[in-house]
Amino acid sequence: MTEPVDRSEPEAADTPSTAAVTPADAADAARLVAFGLQPKLQPARDQEYTDLLRRYREDPPFARLADAVAAGLGLVVLEVSPRAGMVVTAAEGSVFAVRMSDYARRTASDSTDRFLHGLAHLAVAALAFPRPEDLADDGYVGRVTVNGVDSFVRQACRRLEERAEKQGENTDPATDAPGLEAAWRVWARRSATGATKDARRPATSTTGIVAKALAFLADSGFLQRTGDENGGTYRTTARYQLQVRDMAGSAALAELLELGIVPVTDGSPSLLPAEDADDLELVADDGLPFRS
């Protein structure tokens, strides 16, 4: 009698499974995320950081582990590269989130001043990366100055005022109304420099507000101070470029760029000439963005 033939699939040979995560792996992944939370640290200056970045790129399981550690801390990984290091941003509700309202509250007690601080940060981003291709180009370096940002906002104020007049809108909106239309008159009315007995720049002047915003970005590793000309000069970092990419879809940033104050010509954006430069208090050589 013929024995029945077993037609079931043969058992698969044991295949090597992914190696179990070890405490050392978890420690290395957490260490990499910790490096990413040090915005001023450059990978080229720390061998351990460089080694962990290489491991992230070459070892997919380790990369997934590092991403999971970041996610557990409420962080979103924007990029991991030798150029920028591990760049993370805080997700909604993360303990690492620095909200603009919190920053402005520490900077100024007046709600109008807090609104102006937010506008200053918006203007810095728009002026540093005025075109989509600037954000897409990893080699692009934006340069801004305190006086340049203030001049940019003041020209935006003029453009918004002209637009409101043409549309027959109220040209004196309430200061607590949302949008740029409410901000332009508040900024335009504020003194650019003010005056103190010891010749210091008042914190409530518009250049004082811009200087505070730029110093905050520099302390956060988004900008690097390069000189004292025009109230202070700064260059953008890869980390800031990635952060602005992340916020590029914001309606307020798009509205500011659509005003057409930063024209696209030969790749060297500059402020459009004002019809009345004296009124706008424009400053020569304001250090606007250019390629380096």
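Is D138 buried, exposed or partly exposed? Select D138 in this predicted model and display its side chain: at 41% relative accessibility, D138 counts as partly exposed.

Keep D138 on screen and add R245, with which D138 forms a salt bridge whose closest N and O atoms are 2.7 Å apart. D138 sits in the loop between α6 (132-136) and β3 (143-145), whereas R245 belongs to helix α10 (residues 238-247), so this pair ties together parts that are 107 residues apart in sequence. R245, like its partner, counts as partly exposed, in its case at 28% relative accessibility.

Next, move to D25 and R55, whose side chains meet in a salt bridge with an N to O distance of 2.8 Å. Colouring the two helices helps here, because D25 lies in helix α1 (residues 23-36) and R55 in helix α2 (residues 47-58), and the pair thereby ties together parts that are 30 residues apart in sequence. D25 counts as buried, at 18% relative accessibility, while R55 is partly exposed, with a relative accessible area of 24%.

Leave R55 selected and add D59, which forms a salt bridge with R55 in which the closest N and O atoms are 3.6 Å apart. D59 counts as partly exposed, at 24% relative accessibility.

Finally, select D28 together with the three residues just visited, since D25, D28, R55 and D59 are linked in a network of salt bridges. To continue the tour beyond these stops, bear in mind that the count for the model comes to 13 salt bridges.

Notes: Residues are numbered from 1 along each chain as its sequence is written. This is a predicted model: local features need pLDDT of at least 70, side-chain atom pairs count only at pLDDT 80 or more; totals for chains, interfaces and linings use all residues. Side-chain values use heavy atoms; hydrogens and water are left out. A salt bridge is a side-chain nitrogen of Lys or Arg within 4 Å of a carboxyl oxygen of Asp or Glu. Helices (H or I, at least four residues) and strands (E, at least two) are DSSP runs, numbered from the N terminus. Buried means under 20% relative accessible area, exposed over 50%, partly exposed in between (1.4 Å probe, protein chains only).
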